[in-house]
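This report walks through one molecular structure step by step, for a reader who is meeting such a model early in their studies. Please keep the sequence and the three-dimensional view at hand while reading.

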Amino acid sequence: MSARHSRQVFVKPVVPFAWTIRGGLVPGETVLVEGRVPPDADRFQVDLTCGSGVSPRADVLFHFNPRLKKGHVVCNTLQDGRWGPEEILRGVPFAAGAAFELMVLVLRDGFKVAVNGAHLLDYKHRLALERADTLAVSGKVHVAAVAVLSPATGVTTPVRTGERGADEEGEKAEARLRTVASGDGGFLGELVGGLRERVSVVIRGRALREAESFAVDLLVGENGDTALRFNPRFGSQTLALNSFLSGSWGDEERRVDDYPFGPGLYFEVIFRCEADRFRVAVNGVHRLDYKYRVPDLRRITRLRVTGDLSLTDVCLM
Ligand code: GAL
């Protein structure tokens, strides 16, 4: 992931799901599926489909279907409700009970599939690539994350920043985030005009495989105070929150049950500014609240992310 960035990520989807790939797929992009095969799995499928219609059934540009009990992988295309000739690969690179990383590299004339870093098969397009706009996963499989990765650029630019409505509203957007510095070492951004109620700060990324901790800091621009440090600690499986005001840390607030991060796993953290507190959600689930110790949100004008993670997205909503 170091030389690519994800333009779209979906964490812990419930299987089966159909996920719209914004803007479709273009050659050079990669569809990533991270998951685990349950011990009793017989088959599952990862399909790139043309919409998600049921009646009539959407065409399936690429059907990737490991059949574990039969010991082979079937690939095929469904058009007008009919399957074409199957392309069968003997052997299955997925072990029951084991985690996997499936990467489907999109080429102009076909797909290149790799599992756990090793090339597995090629599949030539039978329908126009532009028609594929949905990733559907079904069958016996657990999915940790799916992502669409943009082509490697050779330069590490892992962070996309933006804010809702920026394209349409430009300067009128309620709150804006301006990147000051970003790279492998983390991210520093300016929250132009400070935070305000109903704005959410969204951080998406992936914890490093050997992650010990990372930190998201909401900083008071003018004096070095930290209005909120959100600090997941992988060793003790703790979410620790605190503020650094007038030269010292305050009382730490912790949540120790049900730690939502894992080494090597994608995550999404959302800090929503309510009237008197931050509401913190991880992977779509509300985890905790943190009462403001810097109640004037407009003074919070910097966002910093550091630690054992690779960022994919930092934005305001
Ligand atoms: C059929 C099966 C479908 C699909 C297809 C691929 O036998 O019912 O789910 O896997 O093969 O050719």
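What follows looks at the ligand, the cysteines, the aromatic rings, a few single residues and some backbone details. The model is a predicted one, and every value below was computed from it.

## The ligand and its surroundings

Which residues surround the ligand? The shell consists of R43, H63, N65, R67, V74, N76, W83 and E86. Sorted by character, the residues of this shell divide into two that are nonpolar, three that are polar and three that are charged. Two strands, β5 (residues 60–67) and β6 (residues 72–79), each supply at least two residues of the shell, and β5 gives the most, with three residues.

Three of the residues in the shell have a side-chain atom at a short listed distance from an oxygen atom of the ligand, and the table sets these distances out one by one.

| Residue | Side-chain atom | Ligand atom | Distance |
|---|---|---|---|
| N65 | N or O | oxygen | 3.2 Å |
| N76 | N or O | oxygen | 2.8 Å |
| E86 | polar atom | oxygen | 2.6 Å |

On its own, the ligand has an accessible area of 310 Å², and the protein covers 65% of that area.

## Cysteines without disulfides

How many disulfides does the structure hold? The number is zero. Two of the cysteines can nevertheless be described by their accessibility. C50 has a relative accessible area of 16%, and because this value is under 20%, C50 counts as buried. C315 is buried as well, with a relative accessibility of 7%.

## Aromatic rings

A search through the whole structure finds 20 aromatic pairs. One of them is formed by F62 and F111, whose rings are stacked, with 4.9 Å from centre to centre and 20 degrees between the planes. This pair links distant parts of the chain, since F62 sits in strand β5 while F111 sits in strand β10 (residues 110–115), and the two residues are 49 residues apart.

Are the two partners of this pair buried or exposed? F62 has a relative accessibility of 1%, which means that F62 counts as buried, and F111, at 2%, counts as buried too. Beyond this pair, ring pairs link F44, F62, F64, F94, F100, F111 and Y123 into a cluster, so that F62 and F111 both belong to a wider group of linked rings.

## Two residues towards the end of the chain

E268 has its place in strand β23, which runs over residues 266–273. With a relative accessible area of 18%, E268 is buried, because the limit for that word is 20%. The side chain of E268 also makes a polar contact with the side chain of R204, at a distance of 2.8 Å.

M317 is found in the segment after β27, a strand that covers residues 309–316. The relative accessible area of M317 is 39%, and M317 is therefore described as partly exposed. Although M317 and R272 are 45 residues apart along the chain, their C-alpha atoms are separated by 9.0 Å.

## Backbone details

Some points in the backbone deserve a second look because most residues other than glycine have a negative phi, and most peptide bonds are trans.

Where do cis peptide bonds appear? One joins V15 and P16, with omega at about 0 degrees, and P16 is found in the loop between β1 (residues 6–11) and β2 (residues 17–20). The peptide bond from S55 to P56 is cis as well, again with omega near 0 degrees, and P56 lies in the loop between β4 (residues 44–49) and β5.

Positive phi values also occur in residues that are not glycine. Q237 has a phi of about 55 degrees and lies in the loop between β19 (residues 226–233) and β20 (residues 238–245). At 41% relative accessibility, Q237 counts as partly exposed, because that value falls between 20% and 50%. D258 likewise has a positive phi, near 55 degrees, and has its place in the loop between β22 (residues 253–255) and β23. D258 has a relative accessibility of 54%, and because this is over 50%, D258 counts as exposed.

Methods. Residues numbered from 1 in each chain as written. Predicted model: local features only at pLDDT ≥ 70, side-chain atom pairs only at ≥ 80, totals over all residues. Heavy atoms only, no water. Near = heavy atom within 4 Å. Polar contact = N/O pair within 3.5 Å; in protein donor to acceptor, adjacent residues only side chain to side chain. Areas by Shrake-Rupley, 256 points an atom, 1.4 Å probe, with all protein chains shown as cover. Helix = DSSP H or I, 4+ residues; strand = E, 2+ residues; numbered from the N terminus. Nonpolar A, V, L, I, M, F, W, Y, C, P; charged D, E, K, R; others polar. Disulfide = S-S within 2.5 Å. Buried < 20%, exposed > 50% of the residue type's maximum accessible area, 1.4 Å probe, protein only. Phe/Tyr/Trp six-rings, centres within 6.5 Å; stacked < 30°, edge-to-face > 60°.
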